[in-house]
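Visitor: I'd like to learn how to read a few features from a set of atoms. Could you walk me through some?

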Amino acid sequence: MDRNCVGLLLSKNETSTLLGGQQLSAVLDENKYISPLTSESPETTDNVNLDRAIRSGLNGDNKMLIIVGSEGCGKTLALKKVIVDWAKGEHLQNISHVFRISLKDICLTEEELSLEMLLLRNQVPVASALRVLQKPEELLFIIDDLDQFRHSLEKMDGDLSSDPKQKTSVSTIIASLLKGSLLKGASFLVATRPSSCVNLLGGTQVKVLGFTKHEKEQYFQNSYRDPSKAAKAFHHMERTVGFYDLSASPRFLWSVCSVYQSLMDASEPLPETLSQLCACILVHLMNAQSQNQIRNREFILAIGKIALCCLSNQHLSCAKDERDAVGLQQVPDSSLGDYLDLRGELLSFHSQLILEFILALSLFLDEREGVEKVMERLESNYQFLDLFLSGMSEVSQRSPLETLLGAFNKDQIQAFKGWFKTSSEETLKGWNSSDHARCFQRLHQTQNANLVKEIISPSVRLGIGCGELSLQDYVGLNYVVSCLGQTDQLNLYRMRDMTGESMKRLLPAMSLSHKIILTSSSMATEAIAPLASALEGGITKHLDLSYSPLDGDKFKILCAGLRDSKIQTLEIPVCSLDASSCDFLVPVLTSASSQLRVLDLRANSIGNPGFTKLCQGLQSPNCRLQKLQLPHCEVTSESMEVLAGVLTSGHSELRSVDLTNNCVGDKGVETLCGSLRHPLCKLQSLDLFCAELTGACCVYLKDALMSQHCSLVELDLSVNELGQEGALLLCQALNAPGRSLEKLRMNRCELTQQVFEELGSLLKRDTTRLTSLSVGLNHGADKGVKYILEAVTHPNCVMEELDLEMNQVTDASVDAVCAALRACKTLRSLELRNNSLTDIAVPPLVQAMQDSPHVLELNLRYNEFSEDVFEMMDECERIRY
């Protein structure tokens, strides 16, 4: 077409319907056009509006731009605006003629045509079509509805045409244009819903995201004369259905605005769910048609067959032969246009949304085929069907429709409810986060709090996450948690790119959760304030942010909310914190309302400066912290004096300190041991795993352990070079009467058989309180291990956990192991991994375990067993191998 024919194009085949949207020409003429947002443009990685993406995408050498977006997102309107702007001379002035082809209109044309004939038939005539086609570099083909192309572009490579005069099938012409064999050098602007065809084309792709929140608000203001009504309608939509992706679609917003306007004018309540919204639309349309119940019911059943045909074939359109195949020879009456678009023999639903809603209604009205069978046949190739069935299965949701359609089939509803309950219970036993989210969405559609409490039993986990939650998932989750009143745990691990908006949507669920897990999640800075608000005003006692970066201002904002929260356990390991981060933690620790008991700061580079700041907070009379975990925090012996000051201040409630993988050294231990001997020190657990210690520090540990004021119950000295001399000093301390130590770990400490002998002697004494001993990865061998195993059989021994991993234990020690298992009635766990036991050891060990029901676990993994004895070990489920 040339520039003079644009007006005729815009008015062609246009209708304004509640479901199909406003007339496109009216939108442009009345200056109501808002360009939707795209995910990318050829010029930049920033989000830009569609108009700009099209203009930049058709500049230069690029000859094909593909616009990809969901139904109703504004693709067709944007294409027509391109034509209008071109006709006005605003851009694309290198183009002499533009040809628009809608595949929805021509895809079923069966006769053979040439390209020249096709353009003359479907366009406003040009002076000489053939002469125009001779200059392809001046032509722009705008091809809409590529997803309606019912042929494979890949399979048509051998049938392509290069002659505009050659008569061939319409599908061949379209494929030839898109593949570049026909009119090479012409430009193409293609619009499609997500489709496999897209990946077979060259050129640049632009994804249409639709309207932003601001643009949606502007759309509502443009649609209502009264700004207050516009604001009320917009905020209601955002709260109820604004979380659906389709709420960014101009067509959907047109439907919402139209329905809301009529409901507000009639002083009726606005819908709370997507099911209720569609029901309102249908009631509005049927009231306008003024038909009786029988006619309405017949009509819905008829177009329900068309809907099932379309959904089965994964198209919005249905051809005559497809309708004939399902026994629908006659197209329903004149009211059809409100729901479908009839072009020739092709029937197309205005939207996927109404297609699936009509199908859901027809399944509950029909008596022939069960709902569950239809859903199985569709193999989950639907977006809304299960949601609409869930909503309409509740009498309160469907009653307005039953007034117009008659009663729904009780057997169908009962069968669906049975499926709903069973499938939900099975889903919630598993770990699939997307299945959990879908279950919550269905429950939200029912608006039945009692059903939620029935399905979400106390044993059900509300653990969903993996970073793929959409806004509609949040709403379903919020609804379920609000119905329950509270939840023990909200698992949102591995969330990706959380914005302030998405975190705000989660506020209700977070505020009602005792534990929130946000591990390995990426959150924008603006997302932290809503999280802090939920903690400040909610019931959360445990927050886990492990492996989630909290750099910049994020940690500062979070701590502001923690000061007056109910948080008792805060896990923030590997969160990119540094010394300056501790400035924000101190007010949390010193707040008069702080309830923090456990703080996990593992693998954050706070160093000595940060730890010194932290200790200032630990000395506050308001600080109630009992457990401090600092592995891999770059703390050295220099900080131990500050820590000792905290432990002896009289204000500290610290019971457990973990200094794993820090350079504490012997000097640092000397300082700490001074505090352990202090009467005001309450420390019960000290972890010095891999802290660069030698046997020299054991002199100080011996004195501390023998002090009458030492309250230490648990000590981990693993992966330090203590050696024989240092370990024997510790044994001397433990031999003294009245010692409090119950758990001692000395894995990989260069212990000798002499140390094992002394430990065995220690375990036989009635003065020892040791219930847990770990001496793995040492040089005990059979002789050393037997000293300990024989001690375990002694009546005075109260051992519960014994770790002898990787001590060169062979079959020679099996009798001693069996005797220990049978004799020590307090023993619960024996660790023998990574030793040299063979098949010969298995029968007596299995028998000993069967004779010892008090032993909960015998770990034999990574020994020298063959597969021949696996079945024998399976006879006792408490053996791990």
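Guide: Gladly! This is a predicted model. Let's begin with a helix: the cover over the buried residues of α27 includes α26 (554-562), β13 (569-571), β14 (598-600) and α28 (607-618).

Visitor: Which residues of helix α27 are buried?

Guide: Helix α27 spans residues 582-590, and its buried residues are Cys582, Leu585, Val586, Val588 and Leu589. Looking down the axis of α27, you find these buried residues within an arc of 165°, so they line one face of the helix.

Visitor: Let's turn to cysteines. How many disulfides does the structure hold?

Guide: A disulfide is a covalent bond between the sulfur atoms of two cysteines. In this structure there are zero disulfides. Take Cys797, which is in no disulfide: its nearest cysteine sulfur belongs to Cys824, 4.8 Å away.

Visitor: Why is there no bond between Cys824 and Cys797?

Guide: A disulfide needs the two sulfur atoms within 2.5 Å. The sulfur of Cys824 lies 4.8 Å from that of Cys797, so the two are too far apart for a bond. As for accessibility, Cys797 is buried at 7% relative accessible area, and Cys824 is buried at 2%.

Visitor: And Cys73: is this residue buried or exposed?

Guide: Cys73 counts as buried because its relative accessibility is 2%. Cys73 sits in the loop between β2 (64-68) and α4 (75-87). Leaving out residues up to four places away in sequence, Cys73 touches Pro36, Val208, Ser249 and Pro250.

Visitor: What separates the C-alpha atoms of Cys73 and Arg193?

Guide: Along the chain, Cys73 and Arg193 are 120 residues apart, while their C-alpha atoms are separated by 9.6 Å.

Note on methods
Residues are numbered from 1 along each chain as its sequence is written. This is a predicted model: local features need pLDDT of at least 70, side-chain atom pairs count only at pLDDT 80 or more; totals for chains, interfaces and linings use all residues. Side-chain values use heavy atoms; hydrogens and water are left out. Helices (H or I, at least four residues) and strands (E, at least two) are DSSP runs, numbered from the N terminus. Buried means under 20% relative accessible area, exposed over 50%, partly exposed in between (1.4 Å probe, protein chains only). Contact means heavy atoms within 4.5 Å. The arc is that of the directions from the helix axis to the C-beta atoms.
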